[in-house]
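Got the viewer open? Let's take a walk through the model, one selection at a time.

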Amino acid sequence: MAEETKPTTEQTAKTYTEAEYNALQAQLTAAQTSLKAANDKLASFEKMDVDKIKQEAADWKQKFEQAEADRKEKEYKDGVAAFVRKQGMKNDIYAEHLTNQIVSKNLQFDDKGVLLGGEDVVKALKTACPDAFAPDPHERAAAPTSGHLPTSMDGVERAFYAKNPNLKPE
């Protein structure tokens, strides 16, 4: 009894034309090349020191934060210096004194660049030390006997006329 077995689709080998074979061979080569490139890239990542990279990132973050703090500090000092220059201080010593008072009170600028509380510090300094400010060119000065006209009254004259307002020349 010779039984004939019919070949099933699993048993029969599929034949390809030469063009199909070449196309499949090209796909296989491309897949192998891609796999090799991916393996090489993974190997290069394995060689990297992750802890060192994390440390370098933390160092750069710290450098950035320090640079940002330095920039803000310089911006603040420049703003205070501009505010003090606008006040018309008589000399650098008074200007430095006013700057130190503003910085010690930690006065800050608002969004518009106005120094909050700055005018109060200036008023207090004008009251405590009126000679710290340059004379106002629009203020009328007393006529001295020397023949030279000053641009404004000095502290003695101001104090005299403050006590004797009726004697102030108009």
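Start by selecting helix 2, residues 50–86. Put a distance between its end C-alpha atoms and you get 54 Å. That agrees with expectation, because 37 residues at 1.5 Å a residue should span 54 Å. Keep in mind that this is a predicted model. Helix 2 is also where confidence is highest, with a mean of 91.

Stay on helix 2 and show the side chains of Tyr76, Val80, Phe83 and Val84, which are buried. What do the buried residues of helix 2 pack against? Bring up helix 3 and helix 4 and you have both partners.

Now step just past the helix. Gly88 follows helix 2, and its phi is positive, near 70°.

Next, select helix 4, residues 118–128. Its buried residues are Gly118, Val121, Val122 and Leu125. Look down the axis of helix 4: these buried residues fall within an arc of 100°, so they line one face of the helix. Which exposed residues sit on the face turned away from that buried side? Colour Asp120, Lys123 and Thr127 to pick them out. Back on the buried side, show helix 2 together with helix 3 (92–104), since the buried residues of helix 4 pack against both.

Last stop: colour the chain by pLDDT. Its mean is 82, and 82% of the residues reach 70 or more. Then select helix 5, residues 155–163, where confidence is lowest, at a mean of 82. As a rule, where pLDDT is low, the predicted coordinates should not be read in detail.

How values were computed: Residues are numbered from 1 along each chain as its sequence is written. This is a predicted model: local features need pLDDT of at least 70, side-chain atom pairs count only at pLDDT 80 or more; totals for chains, interfaces and linings use all residues. Side-chain values use heavy atoms; hydrogens and water are left out. Buried means under 20% relative accessible area, exposed over 50%, partly exposed in between (1.4 Å probe, protein chains only). Helices (H or I, at least four residues) and strands (E, at least two) are DSSP runs, numbered from the N terminus. The arc is that of the directions from the helix axis to the C-beta atoms. Contact means heavy atoms within 4.5 Å. pLDDT is the predictor's confidence in each residue, from 0 to 100. The expected span of a helix is 1.5 Å times one less than its number of residues.
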